[in-house]
Amino acid sequence: MSKHKNLILVGFMGTGKTAVGKGVARALGFTFVDSDDIIEQKAGKTISCIFAEDGEPHFRDLETDAIRSLALLDRHVVATGGGCVQRDENWEAMRRAGLVVCLAARPEVIFERTRQETHRPLLQTRDPMARIRELLDRRAPFYTRADHTIDTSDLTVDEVVARLLDVWKKANA
Ligand code: S3P
């Protein structure tokens, strides 16, 4: 019987939450879920549409609803959206749901990993690098609240998965 029901991944966009989360879920025999997918399914539209049509504050409320629903899960690995760490009530819900681990990366690495992608409204700007730095600065104090942090900048997905499995085992020992 493990101490934690689920493994919750937080961290900035492009730190590897989805790729790593899927790998860890496979290794543990858990189900992978992405909080952005929960939001999109419930809203019936993409995150980009929600930002464009309803605005970021509305997206954040939908995100809090999705994170609150994580309490119902068992044996899941959850990748959360990069900005959910900014609300205290999201932290309360995440801690109730499981062990919270933060994936981190250097701004240059985040830029390289996200530059070809178009599904993240906050990075659809003329100067994504400046936006990444600004958001990272603002969010840094929130990411440090996680139980553990792994810097993924110089690691492969498999290497991060191995480290996370180690953290999971130790936290449940
Ligand atoms: C966001 C991160 C995104 C998504 C939305 C806002 C953020 O999720 O929730 O675009 O504020 O950092 P990922 O971290 O999975 O890209």
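Two exercises with worked solutions follow, on aromatic pairs and on the ligand site of a predicted model. Residues are numbered from 1 along each chain as its sequence is written. In this predicted model, local features need pLDDT of at least 70 and side-chain atom pairs count only at pLDDT 80 or more, while totals for chains, interfaces and linings use all residues, and side-chain values use heavy atoms, without hydrogens and water.

**Exercise 1.** Determine how many aromatic pairs the model holds, and classify the geometry of each.

*Solution.*
1. Rings of Phe, Tyr and Trp (its six-membered ring) pair if their centres lie within 6.5 Å; planes under 30 degrees apart are stacked, over 60 edge-to-face, and the rest tilted. The count by this rule is two.
2. Phe30 and Trp168 are edge-to-face, with 5.7 Å between centres and 90° between planes.
3. Phe30 lies in the loop between helix H1 (17-28) and strand E2 (31-34), and Trp168 in helix H8 (residues 157-171), so this pair ties together parts 138 residues apart in sequence. Helices (H or I, at least four residues) and strands (E, at least two) are DSSP runs, numbered from the N terminus.
4. For Phe51 and Phe59, the centres are 4.9 Å apart and the planes stand at 40°, so the pair is tilted.

**Exercise 2.** Identify which polar atoms of Arg60, Gly82 and Arg120 approach a ligand oxygen.

*Solution.*
1. A side-chain N or O atom of Arg60 is 2.6 Å from a ligand oxygen.
2. For Gly82, a polar backbone atom is 2.9 Å from a ligand oxygen.
3. In Arg120, a side-chain N or O atom is 2.6 Å from a ligand oxygen.

Definitions and conventions: A polar contact is a pair of N or O atoms within 3.5 Å; within protein, one must be able to donate a hydrogen and the other to accept it, and residues adjacent in sequence count only if both atoms are side-chain atoms.
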